[in-house]
Amino acid sequence: MTRVAVLGAGAGGCAVAYRFAEEGFQVSLYDVDEERIKGIRKRGGVEARGEIEGLQELKAYMELSEALRDVDFAVAVVPRYAHQTLAEALAPHLRGRPIVLLPESTFGALHFAKTLREGGEHGSPVGGTPTLPYAARLIEPGVVDIYLIVKTLLFAAFPASRTDELMELLEGVYPQVVRAESVLETSLNNGNPVTHPAPALLNAARIETGEDFLFYREGITPSIAGINQRVDEERLSLCRALGLREIGVIERLKMLGYIDFETDNLYEAYRGSRPFSRIRAPKTLRHRYITEDVPYGLVSYASLGDLLDVETPTMDTLINLASLLMDVDYWAEGITMRRLGLEGLTVEELKEFVEVGVSPKVEWAKG
């Protein structure tokens with residue numbers, strides 16, 4: 001029996017743990033939240049509702065070393081902003097075992113690998129997808145409502161030479177996984193920085209006054225959808241500069257399963273999406289739509305644009321607006337090419353680096 005540690009017991013982590021257990025894996029589920037772990041232990045496992053129904057037995061732990069004992073690999077299902085902290089904690093324990101990030105979001109695999117290597121772990125490959133395999137919400141500890149199973153998941157590993165090896169770990173569990181060229185391609189197909197920041201920022205008054213409204217159905221107007229479209233065009237320019245395939249925002253929503261109808265209008269795509277129709281707006285501006293998707297998404301994209309000499313004026317405007325609104329310098333706090341140690345690479349050197357995992361120009365990966 002293959003043994004896997006799922007790290008993170010939120011909605012995504014519970015859904016992922018359920019799926020691995022359903023396929024016969026021995027699952028250890030880890031979280032730092034005591035209430036979540038107590039709830040899972042009391043229930044004896046994880047219960048799924050919605051698109052998947054049932055209860056799967058598994059073990060739940062609050063100690064990382066216990067969750068990792070004797071497992072073959074680990075799957076991290078945590079927010080992008082938690083990657084560095086988790087990688088620092090994992091470095092003494094992985095001992096060369098692979099780790100998969102579901103999702104890696106934007107440059108999560110590179111950031112995770114950098115943190116692991118700086119912590120003394122040099123042998124573990126890091127793979128990931130741009131997005132979660134599910135749209136889901138946690139009902140209570142250990143009970144997850146799954147209302148969409150994503151149809152297509154791009155996947156790559158760092159280094160890319162180990163992508164096929166890590167894909168085999170997911171074989172049978174996630175047959176919708178599709179090989180990407182590298183973690184550059186997976187990172188540039190994270191849709192959250194395209195979709196979330198502009199509607200959240202431009203509905204700031206409604207959010208701060210506590211108005212209850214549907215984020216997509218009521219918070220996105222034709223003009224706000226137009227801003228998202230321009231953000232996406234800048235993202236596609238980055239893909240073009242790297243020689244990667246260009247998957248537009250509407251095509252990506254179709255690939256994932258968020259829309260099942262034909263349209264070339266992004267506003268109509270948001271309005272007509274069945275999974276989006278139930279998502280309510282956040283109750284605070286200190287929400288991942290801003291605090292994650294700006295510094296760990298838009299800043300990363302804009303910084304890559306600087307490296308590639310690609311202009312990103314719409315992204316820059318949203319980053320500046322978010323910084324003013326939140327009184328935070330997201331340019332300074334965000335994940336840039338400099339923070340990843342990649343600012344001195346040419347396009348060719350960057351593409352070679354993500355393929356082989358070493359470079360004389362990257363301090364943390366000189367081989």
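Let's start with helix α2: the face turned away from its buried side carries the exposed residues E35, R41 and K42. Here exposed means over 50% relative accessible area, buried means under 20%, and partly exposed lies in between (1.4 Å probe, protein chains only). This is a predicted model, where local features need pLDDT of at least 70 and side-chain atom pairs count only at pLDDT 80 or more, while totals for chains, interfaces and linings use all residues. Residues are numbered from 1 along each chain as its sequence is written, and side-chain values use heavy atoms, leaving out hydrogens and water.

Now flip to the other side of α2, which spans residues 34-43: I37, G39 and I40 are buried. Looking down the axis of α2, you'd find its buried residues within an arc of 160 degrees, so they line one face of the helix. (The arc is that of the directions from the helix axis to the C-beta atoms.) What do they pack against? The buried residues of α2 pack against α1 (11-22), β2 (26-30), β3 and β5 (59-61), where contact means heavy atoms within 4.5 Å.

Let's follow β3 next. Strands β3 (residues 45-50) and β4 (residues 54-57) run antiparallel and are joined by 4 bridges; two strands pair if DSSP finds at least two bridges between them. G45, for instance, has E57 of β4 as its bridge partner, and a hairpin of 3 residues links β3 to β4. β3 also runs parallel to β10 (residues 143-149), again with 4 bridges, and E47 has V143 of β10 as its bridge partner. Helices (H or I, at least four residues) and strands (E, at least two) are DSSP runs, numbered from the N terminus.

Notes: The arc is that of the directions from the helix axis to the C-beta atoms.
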